[in-house]
Structures are given as C-alpha cells and as structure tokens.
Amino acid sequence: MPFNSLGLDGHITKAIKEAGYTEPTPIQSAAIPEVLAGRDVIGIAQTGTGKTAAFVLPIIHHLAQRIGADTHGRGMRALVVAPTRELVVQIEENVRAYAKHLPLRMATIFGGVSERPQIDALRNGVDLVVATPGRLIDLMQQRRVNFSSLEFLVLDEADRMLDMGFLPPIRQIVRSLPQKRQTLMFSATLSREIEALTHEFQRSPKVIEIGRRANPAETVTQFVYEVGQHQKPALLLHLLADPQFDTVLVFTRTKHGADRIAKKLEGAGIKTGTIHSNRSQNQRLRALKDFKSGAVRVLVATDIAARGIDVDGISHVVNYDFPMHSEDYVHRIGRTGRAHAVGDAISFITPEDHAGLRSLERFIGRGIVRKRAERFDYGAAAPPREERERGRGQPRADVRERRKRPAGTVPGAPSRPPQRSFGRRAPGAGGGGRGRR
Ligand code: AMP
C-alpha cells in the first residue's frame with residue numbers, strides 16, 4: 001500500500017518521499033487511518049517498527065488544516081509525552097522531518113537544560129510540544145503551560161514511563177487537559193497496568209497490536225561470546241580491530257564501567273563517546289550527534305540513557321555487560337537492524353550470566369548461538385590484580401554502584417513481578433516466556 005492512499009496532506013507525503021520511505025510499516029498502515037478518523041488508539045509496538053511516524057503523521061495532517069494561523073498566546077494543540085530526553089529529541093527530529101514543508105511551530109520540554117527558551121517558545125505559541133513528564137510538571141506549576149486548545153495527547157513508551165515511576169506526573173498532566181481530545185498511547189506490550197491506563201485516559205480505544213515481526217529479537221543476528229570478566233576489554237578491542245564493526249553501540253551496566261571502557265578505547269586510538277546519566281544533557285546530545293555523524297565510531301551507553309537512540313546503520317550492538325532485565329536486552333538490540341537495515345548483536349557472557357541468559361532465551365522464545373571469537377587468544381589476558389584481589393580490598397566503583405541496587409535485580413534473579421498476560425503473549429515471547437510489561 002503506498003503512502004498516497006492514506007489521504008495525508010500533500011506537504012506531508014512529499015516529506016515522507018524525501019525521507020526515502022516507500023511504503024508504510026504495518027503499525028503505520030493500521031494506526032494512521034484510525035487516528036485520521038478521530039479514534040483513540042492503543043498501539044502495541046516496539047521501537048524500530050515506525051511507531052513514531054504512526055502517530056506524528058496523522059497528527060500533523062490534522063494540525064495542518066489550521067496551521068500558520070496566529071498561535072501567539074494560544075495553547076498547544078498536540079502534546080507528546082515520552083520517558084527520556086533522548087526520545088524527546090528523536091521524536092522532535094521526526095516531526096521536523098515530516099513537517100518540513102509545513103509552517104508547524106513546535107517545542108521540546110525536558111530537564112537538564114535552561115527552561116528559559118522553553119518558556120519563551122510556549123509564550124510565543126506552539127502547535128506541537130514533545131516533553132518529558134518532570135519538566136512539563138515544573139512548567140505547569142509555574143503556570144507557563146496553556147492546555148485550553150489541546151486536541152491530541154500521545155503517551156509514547158507508556159510501559160517505560162510506568163517503569164520509571166512517572167504515573168503520578170502523567171495523571172497530573174492528563175487531569176489538566178480538556179476532556180474532549182484524542183488520546184494515543186504506545187507501549188511495547190499490553191500489560192494489566194497499561195490496560196488500566198487505557199480505561200483511565202482513553203475512550204473506546206482501537207487496539208492495534210503489531211505481531212512478531214516487530215520484535216527486533218527476530219530480525220537481528222544474535223550470538224554470545226563466553227568470556228571471563230578480565231578478558232572483556234581485550235575481546236572488545238579484538239572485535240573492533242575488524243573494520244566491519246564501523247558503527248558500534250556498546251552497553252554497560254554502570255556509568256563507571258562506561259567511562260572505563262571509553263577511556264580504554266580512546267587509549268587504543270578508537271574514537272569513542274559515552275552516554276549515561278552522569279553526563280550533562282549537552283554532553284549527551286553532543287555524543288549522540290558525533291555518533292550519528294560518524295565523528296565517533298563507538299558509543300558506550302547505559303540502559304536508561306540509551307532509550308530513544310535512533311541512529312541509522314548501527315552495524316553492531318555489543319552487550320559488554322549482560323543486561324539485568326530481558327526487556328532491556330530487546331531494547332538494546334533494537335538499536336541495530338532498525339527499519340529495514342540488518343545488524344549484529346553480540347553479548348559477552350561470564351559464568352555468572354548463565355542463569356540470566358537462560359531466562360532471556362525463554363523470554364524471547366529462542367536460543368542464542370554461543371560462539372568463540374576467531375583468532376582471539378583466550379589465554380593471553382591474565383586477570384588484573386584488582387580482580388584477583390577483589391574481596392580483600394575496596395571494591396571497584398562500579399561494583400559499589402551495583403551493590404546499591406535493590407535485592408532481586410541481580411542477573412538471573414526474577415527481576416520483575418510476574419505479569420498477567422490477558423491471554424496475549426509478549427511479541428516474540430515463547431511458550432514458557434513471560435510477557436514484558
Ligand atoms: P521508530 O519505531 O519510530 O523508532 O522508527 C524506526 C526507524 O524506522 C526510524 O529510523 C524511522 O526513520 C524509520 N521509518 C519509519 N517509518 C518508515 C517507513 N515507512 N519506511 C522506512 N523507514 C521508516
């Protein structure tokens with residue numbers, strides 16, 4: 001089905017064509033007509049399925065009907081709420097690309113940067129706002145936000161927002177909005193909590209569930225390398241000696257771990273950026289920009305900070321540390337193989353990760369191939385003194401950081417309370433797997 005048949009404004013189809021899209025993805029074909037018809041929608045789709053355009057395109061089509069009118073002093077007409085700053089910036093980039101031929105006025109609102117430009121943008125009038133919950137609440141409390149003209153609310157990655165404890169601010173935001181509005185919600189799975197939210201915030205929503213194809217765990221080539229903790233730095237350098245690893249996203253469990261690896265790679269002459277919560281918003285945006293432009297070849301990231309990273313053509317995702325939660329694994333590897341591209345996802349597995357690996361395999365409903373790295377000298381890297389002596393002296397900073405985590409979040413332990421599935425299986429979850437929230 002071509003984009004033209006969806007009945008979108010010509011300025012929008014022109015921009016879509018320029019973005020190089022030939023046809024809508026399944027979530028777009030299913031959601032766009034419903035949103036255009038004025039219905040509330042709950043979209044069950046993961047990152048990488050084209051879900052951003054699925055809500056942005058029909059909303060800007062609708063906004064385009066009255067766009068360019070004097071918006072000064074008027075409230076926003078569409079509000080998109082997303083869990084992280086990175087995701088907000090990514091949605092903004094999408095909106096700007098799709099609305100490039102329309103005089104749409106938009107603003108982003110998130111913490112970690114000065115609020116002045118955000119307040120000025122709101123005062124001057126905006127059609128569409130993309131925001132994280134925290135800063136939006138701050139500005140609402142300062143009476144800087146006018147919702148009286150609001151027609152559309154989007155809650156993106158609603159499941160992640162619940163995980164991050166954003167339910168109270170989201171409720172506060174929704175309570176301030178006009179009752180008469182269209183509400184779109186996107187989530188990776190339809191859990192009991194998400195169903196409760198649809199009842200609370202939506203009116204007879206159309207449920208659109210994109211099936212197994214959406215699961216990056218099925219489109220990305222995945223394998224694991226069994227390795228000792230002390231061998232990980234050497235193995236990463238060994239892999240990076242292969243020029244095919246040209247745009248590489250490396251995940252660590254802790255921010256200190258991320259810094260340590262970045263230092264090591266830089267020491268070996270490999271241009272590397274880092275993205276984690278100890279870095280300022282500007283540093284994070286800069287690292288992402290450098291990675292996108294190719295100025296750095298490797299980006300080392302922690303899970304929360306990496307949400308929303310959208311870089312075309314990531315050749316490899318390396319799980320330097322195995323993720324604590326199976327859901328995080330799916331999100332991590334969803335960074336490669338996005339849209340129609342292909343990529344590899346490699347996980348380093350130490351003996352203590354084996355239980356976590358087994359529960360991941362149950363979660364994604366398939367086994368992951370174990371490999372040995374070719375031409376890597378497994379015997380060469382001796383355990384560093386600090387590792388041999390661990391337990392006798394002061395633990396490393398990242399170990400201290402890990403120890404601060406609540407009980408039950410160690411790898412292999414049942415990480416989250418069991419979920420009721422409502423008869424649906426998480427996309428990609430196999431028979432014995434449990435659904436993602
Ligand atoms: P998302 O799931 O919204 O994060 O989108 C994942 C990626 O797919 C982004 O890089 C989009 O630019 C890209 N994309 C979205 N829609 C299409 C489409 N119809 N055809 C090709 N690529 C798309």
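This is a dialogue on how to read some features of the predicted model above.

Reader: What should I know about the numbering and the model before starting?

Author: Residues are numbered from 1 along each chain as its sequence is written, and side-chain values use heavy atoms, with hydrogens and water left out. The model is predicted: local features need pLDDT of at least 70, side-chain atom pairs count only at pLDDT 80 or more, and totals for chains, interfaces and linings use all residues.

Reader: How are the strands of the open sheet ordered?

Author: Strands of a sheet pair through backbone hydrogen bonds, either parallel or antiparallel. Here, two strands pair if DSSP finds at least two bridges between them. Helices (H or I, at least four residues) and strands (E, at least two) are DSSP runs, numbered from the N terminus. The open sheet has seven strands in the order β3-β4-β2-β5-β6-β1-β7, with parallel pairing. At its edges stand β3 (106-109) and β7 (206-209); each has a single partner strand, so one side of each is left without a neighbour in the sheet. On average, neighbouring strands of this sheet are turned by 15 degrees against each other, direction ignored. Axes for such angles are lines fitted to C-alpha atoms, for helices over the stretch in contact, and angles run from 0 to 180 degrees between N-to-C directions.

Reader: Over how many bridges do β2 and β4 pair?

Author: Strand β2 (residues 78-81) pairs with strand β4 (residues 128-131) over four bridges, in the parallel sense. A78 stands opposite L128 in β4.

Reader: Is T274 buried or exposed?

Author: The scale is relative accessible area: buried means under 20%, exposed over 50%, and partly exposed in between (1.4 Å probe, protein chains only). T274 lies in strand β10 (residues 272-275) and, at 8% relative accessibility, counts as buried. A contact means heavy atoms within 4.5 Å. Leaving aside neighbours within four places in sequence, T274 is in contact with A258, D259, A262, R279, A287, L299 and V300. For contrast on the scale, P168 in helix α8 (residues 167-175) is exposed, with a relative accessible area of 53%.

Reader: How many aromatic pairs does the structure hold?

Author: A pair of aromatic rings is described by the distance of the centres and the angle of the planes. Rings of Phe, Tyr and Trp (its six-membered ring) pair if their centres lie within 6.5 Å; planes under 30 degrees apart count as stacked, over 60 as edge-to-face and the rest as tilted. The structure holds seven aromatic pairs. In one of them, the rings of F55 and F186 have centres 5.3 Å apart and planes at 45 degrees, so the pair is tilted. F55 lies in helix α3 (residues 51-64) and F186 in strand β6 (residues 182-187), so the pair ties together parts that are 131 residues apart in sequence. F55 is buried at 1% relative accessible area, and F186 is buried at 2%. The pair of F376 and Y378 is edge-to-face, with 4.9 Å centre to centre and 80 degrees between the planes; F376 is buried, and so is Y378. Ring pairs also link F3, Y21 and Y98 into a cluster.

Reader: Which charged ends sit over the rings of F223 and Y378?

Author: A charge sits over a ring if NZ of Lys or CZ of Arg is within 6 Å of the ring centre and within 35 degrees of the ring normal. The charged end of K371 sits over the ring of F223, 3.8 Å from its centre. For Y378, the charged end over the ring is that of R372, 3.9 Å from the ring centre.

Reader: What is the count of salt bridges, and which parts does the pair of K51 and E157 tie together?

Author: A salt bridge is a side-chain nitrogen of Lys or Arg within 4 Å of a carboxyl oxygen of Asp or Glu. By this rule there are 17 salt bridges. One of them joins K51 to E157, with the closest N and O atoms 3.6 Å apart. K51 lies in helix α3 and E157 in the loop between β5 (152-155) and α7 (158-163), so the pair ties together parts that are 106 residues apart in sequence. K51 counts as buried at 6% relative accessibility, and E157 counts as buried at 4%.

Reader: Where do D328 and R160 lie?

Author: D328 and R160 form a salt bridge with the closest N and O atoms 3.2 Å apart. D328 lies in helix α15 (residues 326-333) and R160 in helix α7, so this pair ties together parts that are 168 residues apart in sequence. D328 is buried, and so is R160. Elsewhere, salt bridges that share partners join K51, D156 and E157 into one network.
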